[in-house]
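Visitor: Please show me the structure, and allow me to ask about the ligand and its surroundings.

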Amino acid sequence: MLRHSVRRFTTTRLHFIANKLKTSDLNQQTLEAKYAVRGHIPIKADELSQHILENPDDHGLPFESIISANIGNPQQLDQKPLSWYRQVLSILQYPHILDLASSKGVKELFPQDIIKRASTLLKDVGSIGAYSHSQGTPAIRKSVAKFISDRDGYPADHNKIFLTSGASAAVSYLLQILSRDENSGFLIPIPQYPLYTASIALNKAKPICYYLKEETNWSTDPVAIRKSIEEEKAKGIDIKALVVINPGNPTGAILEESDIADLIDIAADHGMVLIADEVYQENVFTGKFVSMKKVLSSLLEKDPKRYSNVQLASLHSTSKGVSGECGQRGGYMELIGFSSEVQDVIFKLASINLCSVVSGQALMELMINPPKEGEPSFALYKKETDTIHDDLQSRADALYDAFVAMDDITCNKPAGAMYLFPRLHFSPEQYPELFTESEEAGIPPDDVYCIKLLEKTGICCVPGSGFGQVPGTYHLRTTFLPPGKEWVARWEKFHQEFVKHYKK
Ligand SMILES: Cc1ncc(COP(=O)(O)O)c(C=O)c1O
């Protein structure tokens with residue numbers, strides 16, 4: 001043992017090779033955290049994709065490419081970036097273009113309103129290569145405040161807006177400041193977007209699940225939420241926040257105004273923070289998105305005494321909507337009703353991170369303040385955004401139609417967002433071999449289904465167990481972003497064979 005450990009001998013002392021880190025040496029919370037949308041199935045999909053790339057002629061797989069339906073990442077698929085964004089951003093990246101603004105080539109590439117907006121943004125931001133104010137460039141925050149007040153009809157204060165690197169950074173700040181100790185609880189919807197369970201685990205806090213009701217299109221159940229609050233409080237849990245994802249991921253459901261008001265009532269009664277994750281507010285096909293800020297503002301108007309203690313953090317992002325600029329990391333968080341003491345702590349966290357990505361801040365400005373009718377870029381902007389919106393809707397419809405026609409699958413029609421969350425009606429009585437395989441492999445049956453789907457068709461989606469589901473039920477989450485119908489046909493064929501093989 002000693003012989004192998006000695007690396008070199010000096011006249012003064014022996015040098016031993018120190019051990020490498022083991023996972024047991026690490027912060028155990030980082031091991032606890034799980035994130036299914038980039039979990040073991042997407043990792044396997046990446047390996048298969050690499051295998052096809054390295055062996056194009058003899059990869060031996062029954063498909064030619066991977067269909068990445070596991071994550072809402074539109075530009076990873078075929079969605080093109082909007083010209084408006086990229087034209088302004090190009091000038092921000094290379095301001096020298098402005099010096100050539102009178103040349104024919106530049107005039108052709110950059111209409112007058114693009115030049116004007118880029119010049120204004122450069123004046124506001126300085127260089128996008130410089131750190132900004134920790135909370136985000138003030139002029140962009142003012143623009144966000146105007147967007148919010150135009151959207152809701154109630155004022156917004158730019159001093160209470162933080163520009164963040166995607167909505168994820170905002171979630172991370174909120175969960176960090178609110179996780180006081182192991183008894184800090186967070187009410188999260190089930191099914192949920194796994195950023196929440198992962199962040200709760202990282203902060204050693206406690207997730208408290210409130211189930212959305214699948215039978216009524218994933219609606220919330222305020223009575224059940226109140227009951228679970230009482231139960232948790234009796235166990236000594238201090239519930240810090242209630243998370244609401246609207247429009248829903250993975251459910252695609254949109255909350256009614258009255259449902260939102262019920263949730264605000266709960267927060268008012270119990271003094272917990274509301275985290276309104278509204279990143280899909282532009283992805284609406286049926287019904288209407290109403291922001292939690294708007295509902296709270298109208299309640300405050302009617303009964304200021306009852307609602308004056310409500311604290312709301314509402315989040316938005318450049319990653320979704322028709323922008324799909326996930327890689328640019330733009331987002332904002334508006335704080336309503338927080339004390340300045342608490343806001344200062346969030347400001348400190350933002351300062352420790354220096355600032356959010358400055359090109360992402362600029363992109364947020366372009367998203368919430370697009371070209372207006374009559375401006376040179378308007379027609380192209382409208383055409384591109386309408387096409388993306390209509391495309392998403394028709395892809396959602398096509399995939400939904402396919403699922404409802406499949407045996408032993410039911411699916412709620414998505415009203416918004418980018419996902420379908422169909423239920424797989426598998427039971428041990430009808431699918432005994434599937435349950436035996438699942439038990440032997442130590443993974444749930446929906447996981448077995450998703451692995452086989454990947455291996456047979458190249459379609460990568462995520463089992464419902466990664467998002468949470470009522471025990472004994474099985475689901476999967478898929479985006480409807482991949483283009484074309486061919487992959488849907490592949491899925492239909494797979495499912496037919498799966499049922500034929502496993503069903504008794
Ligand atoms: C509900 C929800 N919230 C937040 C995010 C994080 O988005 P980003 O950090 O890219 O803004 C996502 C991403 O898919 C999401 O689905």
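The questions below concern the ligand site and one helix.

Guide: This is a predicted model, in which local features need pLDDT of at least 70, side-chain atom pairs count only at pLDDT 80 or more, and totals for chains, interfaces and linings use all residues. Residues are numbered from 1 along each chain as its sequence is written, and side-chain values use heavy atoms, without hydrogens and water.

Visitor: Which helix gives the largest share of the shell around the ligand?

Guide: The ligand is surrounded by 14 residues, each with a heavy atom within 4 Å of it. They divide into six nonpolar, five polar and three charged; Asp, Glu, Lys and Arg count as charged, Ala, Val, Leu, Ile, Met, Phe, Trp, Tyr, Cys and Pro as nonpolar, and the others, Gly among them, as polar. The largest share, three residues, comes from a helix (a DSSP run of H or I, at least four residues, numbered from the N terminus). That helix is α9 (residues 166-178).

Visitor: How far is an oxygen atom of the ligand from an N or O atom in the side chain of Lys320?

Guide: For the side chains of Asn249 and Tyr280, the corresponding distance is 2.6 Å. For Lys320 it is 2.9 Å.

Visitor: Why is helix α10 described as largely enclosed by the rest of the structure?

Guide: Buried means under 20% relative accessible area (1.4 Å probe, protein chains only). Among the buried residues of α10 are Leu195, Tyr196 and Ile200. Helix α10 (residues 195-202) is largely enclosed because its buried residues number six of the eight.

Key:
Polar contact = N/O pair within 3.5 Å; in protein donor to acceptor, adjacent residues only side chain to side chain. Helix = DSSP H or I, 4+ residues; strand = E, 2+ residues; numbered from the N terminus. Buried < 20%, exposed > 50% of the residue type's maximum accessible area, 1.4 Å probe, protein only.
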